[in-house]
Every structure is written in structure tokens, then in C-alpha cells.
Amino acid sequence: MEQSIETVLKASLSFNPYIAALPPYNAGMNVAVARSLSGRDDIARLASNENPDGCSPAVIAALASPSFEPWRYADAACAALRSALGEKLRVAPDRIVVGNGSEEMIAAISRAMLVPNASVVTVVPSFGLHEIEPLAAGAMVVKVPMTAVLDFDFTGLERAIAAEPRVVFLSSPWNPVGPALDRPALKRLLNAVRPGTLFVLDEAYFEFADPEGPDGIEVLRESDVAYVVLRTFSKAYGLAGLRVGYALCSNAELARVIAAAKTPFNVNAAAQIAAIAALGDEAWMKASVAGIRTERARVAATLDRLGLRAAPSQTNFLFFDCGRDSAELAAALLRDGIIVKAWREKGYERYLRVTIGTPAENDRLIHALESSVQR
Ligand SMILES: *Cc1c(COP(=O)(O)O)cnc(C)c1O
């Protein structure tokens, strides 16, 4: 029988094998699905580490102002935002690249730095894109597991880093586990970095960490390592839906090559205006973070009482071993209208990550956990 031209064309497609083989990113359940599965309207979204307080009213005001012109192409260089960031961080704007979320910067770094069979070091469990984006570039990813006490394995990391991978991706504070590298630990890892390695420190949760802890930008500045520090407006500043994050690079040439790997109009006009407004109202962000940190301690104490000991967290989430496949507990919580993230990485299927929500959402989580643990 003759094949249709469509079938022939389909059969002759050859995909980029690295892309075709990528594992899916676990982006979490959407609210409509959660509503239909739980039969509840009031869904508590505790799966994506969003800010339960929303965002600064200055952001909403800026988006309603005449300076927001949706019909214009946004500034491809993000000059005003980079200049505001440069002032805040005391670095030259030509070392900053702004992305459509810091996610996009992880992709751009991978495109800029990696070729097939290059090696990359990260941890497991990890933020999915620290593995997925290098795999998309054909790299081989070495994953150093966390220790039995839910901390970084410093010896293991030191050894893996010293093998001179092209890129190291680490988040500190660490998503999904929670702890942060203190200054001596960060210095110890930096000492292991060889000249051919780019050290990427993803500080998506920087604002939630102990104020006495290190500022990765300062520690890296004191080192002679080639680095990128990633930060985002998605978490503490509450702009997850607008997509804006940035890469602070150790030098302008590195920033130029990373910028070359992104799309030209990657950061939309609303995102640029909103991020500038958010930077102008740090007081809102600090008050929100203070409340979330207080709630984090309260939820952690309750988990402890229930025998679900969470890893020490310097973030806006908690990560714990629920003693059984975490998908079961996640399903039980969903019946109460609560979305959480059951971890699916191999070897970590008993772990659950919950975002700290509003006090009322956290109460709901606590009640639901109490009844499902007793069940
Ligand atoms: C949330 C998160 C990001 C992504 O942030 P966006 O700026 O929203 O893309 C990056 N890294 C880590 C570790 C995160 O948890």
C-alpha cells in the first residue's frame, strides 16, 4: 500500500537526539486540574515556591501606568533594569544578563558553554533544569547525592568539581532540600574549582536565607573563579508569572557570550517595568520574607511533632521524608485542596516538598497532615 506523503515526511524526520530524549520538567499541577480532582474551589498552591503574599503594590501601579506600552517592543538590552540592578549590587551593568526567568539563563549558560559529551556537575535531588538544560546541549551530568542528614556532601562535591567539568550548577539555598552553603563551605568548594570550569551559583532563594549567611556575589568576587550568580524576581519579590531573573557574571566577556545564547526580546515590557518597581520597594519584599520565615519555623516545628522531620531550610519551602511513596501523601493532601510537590527523582520518591503559604494555608496543611499521618 502506498504511504501518504505526510507519513513519509514524518518518518523521515530526524530530531536532535538530545532534545528528543529529554526527561520532562515537573512543572506541577495546575489549579483547574486540582479543582476538578479535589472538588474544592479554594486550592492552596504549595508546590511552586511562589510568594503567598502576592507582590508589591508598586508593581501593580507601575503596570497600570502610561509607561507600560504593550504595543512597543521592549528594550532588548533591558538597560534600565540592568542599571538599577548594577546600582543595587555595585557591579557594572555589562556584567548582568537579564532573562525570561532565571530559568532562561540556565538554558543560555548551557548553550553558551556546553558541547556534546562535555561534563557538568550538580547535585541530586536537584532543581530539574540544572540537569535538563545541560542534557539538552548533549552534556553528561554527574550528580552528587545529598548526605543522610539532608545536607550537601562536601567531600563528594569537592572531588567532582576538581575533575574539571565545564560547568557546575549548584543552588544555595538548595532547591529542593533547603540548606545553604555557609561561607567556609562555599570557599572550600571554590578552592576545588579548576580554571576550565564555570561555577554557577543559583541563589533563587537568597532573600529567604539567614542574613548572617554569605552573599554569594561577595564571596565569588573575592575568588579567582569564573562564575555566574543567578537571582530571580519570581520568589521573594512575587513576580513568578512575569518571568524575570538575571545572571551576574564574573566578567563582561562571559556576559556577552551568555547574552548571545538568549533570544533578542526575551524579557517582555511588563516584566521589565515590574522588576524595576519591585526593586524600588524592597521594604515590601523584606516584610513578606520576614513573615514567611516565621511561618516556616512554625510549620517545621509541627512537622517535627508529627515525626516528619524536615531538612533545615533557608528557603520558602520544607523538604521531608514522609516514610512512604510521597505521591500517596500528595494525593491525600490534594483531596483537601492542597497541591504539594511529591519528589520524583530516582531514590528520592519518599520525599515531599511543601511551599510555605499564608498562615491560613499553612494551618490547612497542618490539619491535613495531622489527619493523614494518623490514618
Ligand atoms: C524557582 C527557581 C528558579 C527559576 O526561577 P525563574 O526566575 O522563575 O525562572 C531557578 N532556580 C531555582 C533553584 C529555583 O528554585
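Select K235 and the ligand: a polar side-chain atom of K235 lies 3.1 Å from an oxygen atom of the ligand, a polar contact in the sense of a pair of N or O atoms within 3.5 Å (within protein, one must be able to donate a hydrogen and the other to accept it, and residues adjacent in sequence count only if both atoms are side-chain atoms). The model is predicted, so local features need pLDDT of at least 70 and side-chain atom pairs count only at pLDDT 80 or more, while totals for chains, interfaces and linings use all residues. Residues are numbered from 1 along each chain as its sequence is written, and side-chain values use heavy atoms, with hydrogens and water left out.

Add T232, where a polar side-chain atom lies 2.5 Å from a ligand oxygen atom. Then add R243: an N or O atom in its side chain is 2.8 Å from an oxygen atom of the ligand. Taken alone the ligand exposes 390 Å², and the protein buries 95% of that (accessible areas by the Shrake-Rupley method with a 1.4 Å probe).

Next, expand the selection to the residues near the ligand (one heavy atom within 4 Å of it). This gives 13 residues, and the closest are D202, Y205, T232, S234 and K235. Coloured by class, the shell has 3 nonpolar, 6 polar and 4 charged residues; Ala, Val, Leu, Ile, Met, Phe, Trp, Tyr, Cys and Pro count as nonpolar, Asp, Glu, Lys and Arg as charged, and the others, Gly among them, as polar.

Now move to the rings. There are 10 aromatic pairs, counting rings of Phe, Tyr and Trp (its six-membered ring) with centres within 6.5 Å; planes under 30 degrees apart are stacked, over 60 edge-to-face and the rest tilted. Select F319 and Y351, a stacked pair with 4.9 Å centre to centre and 10° between the planes. F319 belongs to strand β9 (residues 317-321) and Y351 to strand β12 (residues 351-355), so the pair ties together parts that are 32 residues apart in sequence. Helices (H or I, at least four residues) and strands (E, at least two) are DSSP runs, numbered from the N terminus.

Finish with the backbone. Select P125, in the loop between β3 (119-124) and α7 (129-136); the peptide bond from V124 to P125 is cis, with omega near 0°. Go on to P176, in the loop between β5 (167-171) and α9 (183-192), where the bond from N175 to P176 is cis with omega near 15°. The last stop is L150, in the loop between β4 (140-145) and α8 (154-162). Phi of L150 is near 55°, a positive value in a residue other than glycine.
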